[in-house]
Amino acid sequence: MSDRYAVIGNPIGFSKSPLIHGTFARMTGEDVFYEAIEAPLGGFDARVDQFRTEGAKGLNITAPFKLDAFAYANELSERADRAGAVNCLKFQGDRIIGENFDGIGLVRDITVNLGVKMAGRRVLMLGAGGAARGALLPLLRQEPSELVLVNRTLSKAVALAEEFAGCGPLIVSGYAELADLAEGYDVVVNATSASLRGEMPPLPGNVFRGAELAYELAYGKGLTPFLQAARAEGVAKLADGVGMLVEQAAEAFAWWRGVRPSTAQVIAELTIPLS
């Protein structure tokens, strides 16, 4: 019988995870059955309990259950603990191990697939919500010269920076104050939900000047207002989050199965041209 894995969320019909992990299984010859589970709101624990009794080996977690998964795990990686959220679980007997691969997927997409190095570079991240939280530690581990975290509610960014104090050169700013800091960013990452609503974060006009990469965490939305603004300012490379999605999935697959699949083919198949 195939080893069972799944992605859990609500809603879940949009998820690309079954396609991605099914492709990884075929690529690697691993005997894996992967499905999508829609759990009712408030019903995460009961549904995962059921899945475990059915012999499941692991689980990917998407919205809105990453905090539920954090609470459900009885062991946490440093990344998951720092992020305060879990996007992947592994079941080993009574052990329920929680991981967060979102940030490492982002870093791998930027540094390997896009060929943009962050060591010694200036990085600007927009947003201080769950997406930013999951990405901060892996980004800081790349040893940028500084990482500026900007958010509409400055106190939220300050609180997040305090949690990551000592992990690297993290600076916080509100959007209004950003104009004074805006010269010379190499990488600009949009971790806000603005693009999901077709909106643009309130950035000063010079924020993209000289940037090598503008990265949109949302994926499949085409040329979002954020990416449009970056293109208009002459940013050399534009990317959305499809590579991050596939890379974090590959990290999860490798964690579960001990073999890391190639990602290039899957990224190419899922990429929607930015036009």
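Which residue in strand 12 is the bridge partner of Ala214? The partner is Leu238, and that pair makes a good starting point for a walk through this structure. A word on the ground rules comes before we go on. This is a predicted model, in which local features need pLDDT of at least 70 and side-chain atom pairs count only at pLDDT 80 or more, while totals for chains, interfaces and linings use all residues. Residues are numbered from 1 along each chain as its sequence is written, and side-chain values use heavy atoms, with hydrogens and water left out.

Helices (H or I, at least four residues) and strands (E, at least two) are DSSP runs, numbered from the N terminus. Two strands pair if DSSP finds at least two bridges between them. Strand 11 (residues 213–216) runs parallel to strand 12 (residues 237–239), joined to it by 3 bridges. Strand 11 also runs parallel to strand 10 (residues 187–190), here with 4 bridges, and Val188 stands opposite Ala214. Within strand 11, Leu213 and Tyr215 point one way, Ala214 and Glu216 point the other way, and all are buried. Buried means under 20% relative accessible area, exposed over 50%, and partly exposed in between (1.4 Å probe, protein chains only).

Now turn to the open sheet of 6 strands, whose order is 2-1-3-5-6-4 and whose pairing is mixed. Strand 2 (32–38) and strand 4 (75–76) stand at its edges with a single partner strand each, so one side of each has no neighbour in the sheet. Strand 1 pairs with strand 3 (residues 58–61) in the parallel sense over 4 bridges, and Ile8 stands opposite Ile61 of strand 3. Helix 10 packs on this sheet, touching strand 1, strand 2, strand 3, strand 5 and strand 6, and its direction makes about 5° with that of strand 5. Angles run from 0 to 180 degrees between N-to-C directions, and axes are lines fitted to C-alpha atoms, for helices over the stretch in contact.

Strand 1 also holds Gly9, which is buried at a relative accessible area of 0%. Leaving aside neighbours within four places in sequence, Gly9 is in contact (heavy atoms within 4.5 Å) with Ile37, Glu38, Ala39, Thr62, Ala63, Pro64 and Phe65.

One of those partners, Thr62, belongs to the UniProt "binding site" annotation (unreviewed entry), which also covers Ser15, Lys16, Ser17, Asn87, Asp102, Tyr219 and Gln248. UniProt positions are given in the numbering used here, feature names are shortened, and annotations may be inferred rather than shown by experiment. Ser15 lies in the loop between strand 1 (3–9) and helix 1 (17–28), and is buried at 15% relative accessible area. Ser17 is found in helix 1 and counts as buried at 10%.

Asp102 and Gln248 take us to a helix pair, since both are among the residues where helix 5 meets helix 10. Helix 5 (residues 102–113) and helix 10 (residues 242–257) pack at an angle of about 115°, with their axes 7 Å apart. The residues of this contact divide into 3 nonpolar, 4 polar and 5 charged. In this count, Ala, Val, Leu, Ile, Met, Phe, Trp, Tyr, Cys and Pro are nonpolar, Asp, Glu, Lys and Arg are charged, and the others, Gly among them, are polar.

Finally, UniProt (unreviewed entry) places "domain: SDH C-terminal" at residues 241–270. Over residues 241–270 the chain is 77% helix and 0% strand, with the end C-alpha atoms 11 Å apart.
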